[in-house]
Amino acid sequence: AEFILEFSVPIVLVMGFLFGLLDSCNNTSRTVMCATALPAKQTQVFAVARFYQALAGSILLFCSPLLTTYLMLGIEAILFLIGAGFFLRVVALLNQRRRDSKSDLTDDNSSVESFESAKVDIDGNGNDLRL
């Protein structure tokens, strides 16, 4: 079998660094998306996402003796495209939710006016404080 690149320690170190950088970026984006999508349950969502990442990695490692390098690369490319599609879908949903919440805030000026003119009965004796 002929290899595209010759094996050397610097190439292995650079690839290890790039994989670590990729994992760090992936975890950062996952953390931000979990916190934005489900703020009340962000730790649970992050844990489930990490579980599925670990499960997929372990399945790939257990099946790797049965696969050729090119077949494994093809499987990883397909999984990358599927993951990127899901990522872009979630980003689009989060952007839509953000736009909807901003439009709700700008359209609701009547509640601000009614809040500013509200009376608060401080001591229960009819003495009020205008906000």
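**Figure 1. Arg50, a partly exposed residue in this predicted model.** Let us start with a single side chain: Arg50 has a relative accessible area of 31%, so this residue counts as partly exposed. Please keep in mind that the structure is a predicted model. What does Arg50 form with Asp23? The two residues form a salt bridge, and their closest N and O atoms are 4.0 Å apart. This pair links distant parts of the chain, with Asp23 in helix H1 (residues 9-37) and Arg50 in helix H2 (residues 42-63). Along the sequence, Asp23 and Arg50 are 27 residues apart. Is Asp23 buried, exposed or partly exposed? Asp23 is partly exposed, because its relative accessibility is 31%. How many salt bridges does a search of the whole structure find? The search finds one.

**Figure 2. Asn27, a buried residue in helix H1.** Here we stay in helix H1, where Asn27 is found. Asn27 has a relative accessible area of 18%, so this residue is buried, given that buried means under 20%. Which residues does Asn27 touch, once its neighbours within four places in sequence are left aside? Asn27 is in contact with Phe46, Arg50 and Gln53. You have already met one of these partners, Arg50, in the salt bridge with Asp23. Across the protein chain, buried residues make up 4% of the 131 residues.

**Figure 3. Phe46 and its contacts.** Phe46 lies in helix H2. With a relative accessibility of 27%, Phe46 counts as partly exposed. Leaving aside neighbours within four places in sequence, Phe46 is in contact with Asn27, Arg30, Thr31 and Cys34. Try finding Met33 as well: Phe46 and Met33 are 13 residues apart in sequence, while their C-alpha atoms are 9.1 Å apart in space. For the chain as a whole, consider the contacts with a separation of 6 or more: 32% of them join residues 24 or more positions apart.

**Figure 4. A nonpolar patch on the surface.** Which residues make the nonpolar surface patch of about 580 Å²? The patch is made by Leu71, Ile75, Ile78, Leu79, Ile82 and Phe86. One of its members, Leu71, is found in helix H3 (residues 69-107). Leu71 is partly exposed, because its relative accessible area is 44%. Overall, the protein chain exposes about 11200 Å², and carbon and sulfur atoms supply 70% of that area.

**Figure 5. Segments annotated as transmembrane regions.** The unreviewed UniProt entry gives the annotation "transmembrane region" to residues 6-24, 45-67 and 73-94. How much of the chain over residues 45-67 is helix? Here the chain is 83% helix and 0% strand, with the end C-alpha atoms 32 Å apart. Over residues 73-94, the chain is 100% helix and 0% strand, and the end C-alpha atoms are 31 Å apart.

**Figure 6. The whole chain and its confidence.** Stepping back, you can count four helices and two strands in the protein chain. Their order from the N terminus is α-α-α-α-β-β. The average pLDDT is 78, and 78% of the residues score at least 70. Where is confidence highest, and where is it lowest? Helix H1 has the highest mean, 86, and strand E2 (residues 128-130) has the lowest, 49. Where pLDDT is low, the predicted coordinates should not be read in detail.

Note on methods
Residues are numbered from 1 along each chain as its sequence is written. This is a predicted model: local features need pLDDT of at least 70, side-chain atom pairs count only at pLDDT 80 or more; totals for chains, interfaces and linings use all residues. Side-chain values use heavy atoms; hydrogens and water are left out. A salt bridge is a side-chain nitrogen of Lys or Arg within 4 Å of a carboxyl oxygen of Asp or Glu. Buried means under 20% relative accessible area, exposed over 50%, partly exposed in between (1.4 Å probe, protein chains only). UniProt positions are given in the numbering used here, feature names are shortened, and annotations may be inferred rather than shown by experiment. Contact means heavy atoms within 4.5 Å. Patches are made of residues with over 30% relative accessible area and no salt bridge: like charges are joined within 9 Å, nonpolar side chains (Val, Leu, Ile, Met, Phe, Trp, Tyr) within 5 Å. Accessible areas come from the Shrake-Rupley method with a 1.4 Å probe; for residues, only the protein chains shown count as cover. pLDDT is the predictor's confidence in each residue, from 0 to 100.
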